[in-house]
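User: I am new to this structure and would like a close look at one part of it, the sheet and what surrounds it. Please take me through it step by step.

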Amino acid sequence: MVQTVLMHEEDPGPVVQRLILGERLRALREASGVSLDDANTRLNWYRGKLSKIETGMLGLTERELATLLDLYRVTGPEAAQVRQLRVESRRRAAPERVNDWAKQYVSLERAASEIRMVYSEIPGLLQTKDAARAQLARSPVVMAADLDAMAAAREERGNRLFRDNAPQVWVVLGEEALLRRIGTTATMKAQLQRLRKIAELPTVSLRIVPLDHGPEAGLSCPFTLLWIERARATIAYVETLTGADYVKTTAAYSTAFDQAHNTALAEDVTLKLIDRRMAELDKQ
């Protein structure tokens with residue numbers, strides 16, 4: 001699969017800045033010849049703390065950063081840049097209309113230059129407001145008062161795909177995503193129309209895995225892979241009913257995506273399948 005990196009001018013947000021800071025600290029540590037265990041021992045930190053900082057999962061105080069820079073013998077303009085990254089990584093982000101555990105994901109999605117997805121249902125990024133509302137209304141963890149705002153936020157996230165500097169997106173869906181009714185017939189028809197419109201964008205590749213093609217690992221465990229160019233990092237996002245995991249060891253997910261992508265129908269055949277499903281809805 002050819003990967004095209006597109007740069008963005010949007011504010012990357014504190015989550016991404018924390019990832020960048022962690023990656024910079026990892027590079028400085030390795031350049032200084034200090035191992036993770038040695039650094040934790042010298043700093044009197046519990047084992048694993050520095051690893052969490054380097055992967056962007058944990059922030060650090062000004063004093064802790066100063067200690068690390070002294071250990072790595074980093075001074076001058078380079079040290080000043082790292083200190084500024086720490087400041088940016090700790091500022092408050094604008095509130096997101098999503099579940100609490102998905103707030104970090106939305107920041108990462110906004111900063112991603114490449115997005116790869118494997119889902120057995122139409123993911124939030126590709127949903128219309130009405131379809132999103134119908135789906136969210138069935139959630140046992142979403143309050144009724146939040147439905148409209150959260151549904152609108154999903155459609156707005158998808159609108160970004162139509163703008164300049166949109167990310168490169170690869171989506172693999174199971175055919176069941178086209179068959180499972182979301183809301184009314186009219187709502188489902190509008191959802192498929194939007195899905196088709198998104199699929200025709202030059203920055204989007206959409207493929208369907210037919211039901212008769214057998215099982216796919218990715219469809220049994222849906223996920224999103226985000227390539228964050230600023231942080232030089234790929235993160236797998238796996239959501240559950242009441243939470244989410246952010247995984248930086250992504251080899252298995254990349255393999256699962258490639259397998260599903262290679263099994264799926266070609267883009268033009270996928271569009272014909274969507275057209276056929278919309279025609280079936282017209283008869284209902």
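Analyst:
**The sheet and its surroundings**

In this predicted model, six strands form an open sheet with mixed pairing, and their order across the sheet is β3-β2-β1-β4-β5-β6. The edges are taken by β3 (204–209) and β6 (244–247), and because each of them has a single partner strand, one side of each is left without a neighbour in the sheet. Between neighbouring strands of this sheet the turn is 15 degrees on average, with direction ignored.

As general background, strands of a sheet pair through backbone hydrogen bonds, either parallel or antiparallel. Here, the pairing of β3 with strand β2 (residues 168–174) is parallel and extends over six bridges; within it, Leu173 has Ile208 in β3 as its bridge partner.

A helix also belongs to this picture: α12 (residues 251–263) lies across β1 (114–119), β2, β3, β4 (223–228), β5 (233–239) and β6, and runs at about 110 degrees to β4.

Turning from the sheet to a single residue, Met188 is placed in helix α10, which covers residues 185–199. Met188 counts as buried because its relative accessibility is 0%, where the cut-off for buried is under 20%. When neighbours within four places in sequence are left aside, the contacts of Met188 are Ala177, Leu178, Arg180, Arg181, Ile182 and Leu281. Between Met188 and Ala134 there are 10.0 Å in space, C-alpha to C-alpha, while in sequence the two are 54 residues apart.

Terms used:
Residues numbered from 1 in each chain as written. Predicted model: local features only at pLDDT ≥ 70, side-chain atom pairs only at ≥ 80, totals over all residues. Heavy atoms only, no water. Helix = DSSP H or I, 4+ residues; strand = E, 2+ residues; numbered from the N terminus. Buried < 20%, exposed > 50% of the residue type's maximum accessible area, 1.4 Å probe, protein only. Contact = heavy atoms within 4.5 Å. Pairing = 2+ DSSP bridges. Axes fitted to C-alpha atoms, helices over the stretch in contact; angles between N-to-C directions.
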